[in-house]
Amino acid sequence: MAQNFSLFIAYCNDVIQRQGFRLKYTYLDCLALFGVGGAHPGGLQLTQKILAEENINNDTILLEVGCGTGQTAAYLAQQYSCSVSTLDNSSMMVEKAQQRFSSLGLSIDAKVGDIENLPYPDKHFDIVLSESVISFTNLISTIPELKRVLKPSGRLIAIETILEQTISEEERSQIVDFYSFPQLLTEGEWVKAFRDTEFHRIDVTKYEPRLEQVDEQHAADYSLSETIDDALLEILGKHEEIMHQNKNKLGFRIFRCS
Ligand SMILES: C[S@@+](CC[C@H](N)C(=O)[O-])C[C@H]1O[C@@H](n2cnc3c(N)ncnc32)[C@H](O)[C@@H]1O
């Protein structure tokens, strides 16, 4: 009897936890459920501009980590006919990316996996691309892993969020908690983290979003899940609010590390 009762309590706890988990979406859950393509500062337009400088051709072997719905990977394969592999730790994102690739007839490898433990051999890629992904992961384990899979002549290109100025602990916790950022670093701290992983040359470019500018390709690129909870709209609203409140405190940089 006592055993049945404790099993029942364990079952109830499990249900409550699962219900609670379902209701408590993170910002990244929200991107996955909406299937936002180009979910990084500057969207596809900035991506195209950055990639145009990289001498990519059909011999280039490229990995896009945290590929989301695969907008950039599809562009790369179509524009440059290069070899593209993609990975994301959200199975929903990977499924949406796979749908995109197959509808476009593109042969792009898409895996569910963790950027901190990549399922690729050492020194394999010419370019690793991270578009607003490392900011969401543990830098200390991520950067060495990205370096490991790059050829010695390879480069890492990352578009990431930085802290522009000193903020209060309260402001920091609001940002870090909302995005589940394991860290929020200044430009100098990012550069140090790349240098500590034996990237010797780090070029940094500031990206300043023009809020009034509408990126039409980005605006049109959603792959919605069947059920969209109102709570998700609240999360998107909160994201806009945090970005607006902190527009002088948070910034974006393109790090090119070799
Ligand atoms: C802000 S979104 C950017 C998505 C995509 N790069 C884009 O620009 O549309 C961050 C992405 O990183 C993925 N991600 C977060 N943590 C990850 C991890 N540890 N390993 C792999 N992917 C991760 C999320 O699932 C999400 O798709």
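**Exercise 1. The aromatic cluster**

Task: State which residues form one aromatic cluster in this predicted model, and describe the pairs that Tyr27 makes with Phe178 and Tyr179.

Solution.

Step 1. The cluster is made of Tyr27, Phe136, Phe178, Tyr179 and Phe181. Across the structure there are 12 aromatic pairs.

Step 2. Take Tyr27 with Phe178. The ring centres are 5.9 Å apart and the planes meet at 45°. An angle under 30 degrees would count as stacked and one over 60 as edge-to-face, so the pair is classed as tilted.

Step 3. Place this pair in the chain. Tyr27 belongs to helix 2 (residues 27–34) and Phe178 to helix 7 (residues 169–179). The two residues are 151 residues apart, and their pair links distant parts of the chain.

Step 4. Take Tyr27 with Tyr179. Here the centre-to-centre distance is 4.9 Å and the angle between the planes is 85°. Because the angle is over 60 degrees, the pair is edge-to-face. Tyr27 is in helix 2 and Tyr179 in helix 7, so this contact ties together parts that are 152 residues apart in sequence.

Step 5. Check the accessibility of the three residues against the cut-off for buried, under 20%. Tyr27 has 9% relative accessibility, so Tyr27 counts as buried. Phe178, at 16%, is buried because this value is also under 20%. Tyr179 has a relative accessible area of 4% and is therefore buried.

**Exercise 2. Positive phi outside glycine**

Task: For Ser180 and Glu198, give the phi value, the location and the accessibility class.

Solution.

Step 1. Ser180 is not a glycine, yet its phi is positive, about 55°. Ser180 sits in the loop between helix 7 and helix 8 (187–196). Its relative accessibility is 43%, which lies between 20% and 50%, so Ser180 is partly exposed.

Step 2. Glu198, a residue other than glycine, has a positive phi near 65°. The loop that holds Glu198 runs between helix 8 and strand 6 (202–207). With a relative accessible area of 52%, Glu198 is exposed, because the value is over 50%.

**Exercise 3. The ligand site**

Task: Describe the shell around the ligand, then list polar contacts to Gly38, His40 and Glu131, and state how much of the ligand surface the protein buries.

Solution.

Step 1. The ligand is surrounded by 21 residues, of which Ala39, His40, Gly66, Asp88 and Asp114 come nearest. Sorted by class, the shell holds 8 nonpolar, 9 polar and 4 charged residues.

Step 2. Start with the oxygen atoms of the ligand. A polar backbone atom of Gly38 is 3.2 Å from one ligand oxygen atom. His40 contributes a polar side-chain atom, 2.5 Å from an oxygen atom of the ligand.

Step 3. Turn to nitrogen. Glu131 places a backbone N or O atom 3.0 Å from a nitrogen atom of the ligand.

Step 4. Consider the surface. The ligand taken alone exposes 590 Å², and the protein buries 95% of that area.

**Exercise 4. Cysteines**

Task: State how many disulfides the structure has, and whether Cys67 and Cys257 are buried or exposed.

Solution.

Step 1. Searching the whole structure gives 0 disulfides.

Step 2. Cys67 has 6% relative accessibility, so Cys67 counts as buried.

Step 3. Cys257 has a relative accessible area of 0% and is therefore buried.

Key. Residues numbered from 1 in each chain as written. Predicted model: local features only at pLDDT ≥ 70, side-chain atom pairs only at ≥ 80, totals over all residues. Heavy atoms only, no water. Near = heavy atom within 4 Å. Polar contact = N/O pair within 3.5 Å; in protein donor to acceptor, adjacent residues only side chain to side chain. Areas by Shrake-Rupley, 256 points an atom, 1.4 Å probe, with all protein chains shown as cover. Nonpolar A, V, L, I, M, F, W, Y, C, P; charged D, E, K, R; others polar. Disulfide = S-S within 2.5 Å. Buried < 20%, exposed > 50% of the residue type's maximum accessible area, 1.4 Å probe, protein only. Phe/Tyr/Trp six-rings, centres within 6.5 Å; stacked < 30°, edge-to-face > 60°. Helix = DSSP H or I, 4+ residues; strand = E, 2+ residues; numbered from the N terminus.
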